[in-house]
Amino acid sequence: MRSTIVAFVLSMLSAALLTPRVRDLALRMGAVDHALSSRKVHGRPIPRLGGLAIAAAFYAPLLGMIAFQSGVGALFLAQQNLAIGLVIGGTAIILLGVYDDLRGAGAGRKFAVQFAVAGLMYALGFRVEILANPFGDPLHIGWFGLPLTLFWIVGIINAMNLIDGLDGLAGGVALVAVAATLIISVQRGNPLMTLFCAALGGSILGFLFYNFNPASIFMGDTGSMFLGFILATTSIQTNQKASTTVAVLVPLALLGVPILDTLLAISRRAMRGRPLFRADRDHIHHRLLALGLSHRQAVLVLYGVCLLFGATALVLTVANSLLTTLTLATVAVVSFVFLRRLGYMRFQSGTVLSDQRRRSRNLRALIRPFTLRLRETLAPSEIWGVVRDMAEAIDASGVALHLGNDDVPGKDSSANNTATFSVGVAVDPPQSIPTEVLPDAGKVVFRARFGLIGLRHDEGHLEFTWNDGRTDLDRDTEIFVELFCDHVAATYERVGGQSLKDSARVIKLPFR
């Protein structure tokens, strides 16, 4: 118990001290989230990479305790495969997250690394071996445990990534799950997992001092994926040897909020014909904000829901079959009412879904020729022509393409490679608002700005304007413009965009 308290306190203090340093580092590197997306709600540039502080505050005290406390060192040696797995696997996830935060990693690259890490964890002993059966003996699943373990670890990593949409949300969700896992580890006499949970809880709490609304730093994909990894693996190890019939139900309950949000996201995107791995603004926290809750109120509501799921997990660890069934039924009813209040569980007609899927197909067909042209592009100067043609195809009245990093805090703009191309309805660049409506000679001009994620180190962006009276951009159009932006970013990097420095220009011509 003494080692557990020491690990928690040291990790909390380490995170509290390291986070401001990481924040300064992110600003110097230009690792800043400029909120160039309608899904972002913070409305101002915020440094990311906070996950580095969480990870360092998690590992550093543990390594120090191994070096100076013989009892902790003996504990790690007794279960060295598990300890090595958490260190090596966590490091791989951190490196993936840093790359994603700085340059942007595609879904394929992320999944490749995540599944490789999950396979390593399975080989080292982190395995789902039992399926719960509330009405009888647990089911031993044999070889099926491999794919189930892989999908559990990868799924939780991405579930935590998806739910990281409000200041302090992912950290608070993880903290509740960690606290419950720690209690269960103590109950079941698993000192190594207890130590890891204490260190993770301390690092999260120290980081939340700076990440709770209004946040001065984001954890980024580095932090959300690292938290998901540690939660997925510790929950497996804590519950896989359980003698109750709820060996798998406990971790499911512990991580109920991110799992539920992920399942809802996948199902609605599949039904509407949208890309499964393309973010939207229809997550649970977005629905809470739409009900009129403030940023902080929405986070606190979800903290409360997480506490409900955490309490459920603790009840399940000591429940018999009857109590398990009653508990799960109660949670299911409460969850259904909560989701219905948010506007979920209201099934749309087949005609509406069919229309949405048809619109998605039509937009894919519309944008596909332009993405193919980008793949065939051999020079940076050719990108602008493709962008302009695509803007006309989506009925925009103006478009501007900015390639460079002259707006990154702490950077010397005189030394940057920048280029700006614009045509049509010209407006001054917004400071931080991704979409807004502006007056223009008696007309309503709607503007939407999209970050070129692949150019995060350069912070490039595309900006479109419409003067047809619209005051919003439908999500289907937004999704496929974002996909087009990914291709623009990839093309710019492939053909060597630095040559645009000598041809930077602004073109203002009649467009429509």
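# Reasons behind the labels

User: Why is Phe 226 called buried?

Analyst: Phe 226 has a relative accessible area of 0%. Buried means under 20%, so Phe 226 counts as buried. The value is computed from a predicted model.

User: How many aromatic pairs does a search of the whole structure find, and what makes Phe 58 and Tyr 59 an edge-to-face pair?

Analyst: The search finds 11 aromatic pairs. In the pair of Phe 58 and Tyr 59, the ring centres are 4.9 Å apart and the planes meet at 70°. A pair needs centres within 6.5 Å, and edge-to-face needs planes over 60 degrees apart. Both conditions are met, so the pair is called edge-to-face. Phe 58 is buried at 0% relative accessible area, and Tyr 59 is buried at 12%.

User: What makes Phe 58 and Phe 226 a pair as well, and which helices do they lie in?

Analyst: Their ring centres are 5.6 Å apart, with 70° between the planes. That is again within 6.5 Å and over 60 degrees, so this pair too is edge-to-face. Phe 58 belongs to helix α2 (residues 51–68) and Phe 226 to helix α9 (residues 220–239), so the pair ties together parts that are 168 residues apart in sequence. Phe 58, Tyr 59, Phe 196 and Phe 226 form one aromatic cluster.

User: How do you know that the charged end of Arg 127 sits over the ring of Tyr 122?

Analyst: The charged end of Arg 127 is 4.4 Å from the centre of the Tyr 122 ring. The distance limit is 6 Å, and the direction must also fall within 35 degrees of the ring normal. The distance fits, and the contact is listed as a charge over a ring.

User: How does the span of helix α8 compare with the expected one, and why is α8 called largely enclosed?

Analyst: Helix α8 (residues 191–211) has 21 residues and spans 30 Å from first C-alpha to last, close to the expected 30 Å. The expected span is 1.5 Å times one less than the number of residues. As for cover, 17 of the 21 residues of α8 are buried, so α8 is largely enclosed by the rest of the structure.

User: Where is Pro 214 found, and is its peptide bond from Asn 213 cis or trans?

Analyst: Pro 214 is in the loop between α8 and α9. The bond from Asn 213 to Pro 214 is cis, with omega near -5°.

User: What makes strand β5 mostly covered, and how do you know that β5 pairs with β9?

Analyst: In β5 (residues 398–403), five of the six residues are buried. Five bridges join β5 to β9 (residues 461–466), and the two run antiparallel. Pairing needs at least two bridges, so five are enough. One of the bridge partners is His 461 in β9, opposite His 402.

User: What is the phi of Leu 49 and of Asp 395, and are these residues buried or exposed, or in between?

Analyst: Leu 49 has a positive phi of about 75° although it is not a glycine. Asp 395, also not a glycine, has a positive phi near 65°. Leu 49 is in the loop between β2 (46–47) and α2, and Asp 395 is in the loop between α16 (381–393) and β5. At 2%, Leu 49 is under the 20% limit and therefore buried. At 44%, Asp 395 falls between 20% and 50%, so Asp 395 is partly exposed.

Technical notes:
Residues are numbered from 1 along each chain as its sequence is written. This is a predicted model: local features need pLDDT of at least 70, side-chain atom pairs count only at pLDDT 80 or more; totals for chains, interfaces and linings use all residues. Side-chain values use heavy atoms; hydrogens and water are left out. Rings of Phe, Tyr and Trp (its six-membered ring) pair if their centres lie within 6.5 Å; planes under 30 degrees apart count as stacked, over 60 as edge-to-face and the rest as tilted. Buried means under 20% relative accessible area, exposed over 50%, partly exposed in between (1.4 Å probe, protein chains only). Helices (H or I, at least four residues) and strands (E, at least two) are DSSP runs, numbered from the N terminus.
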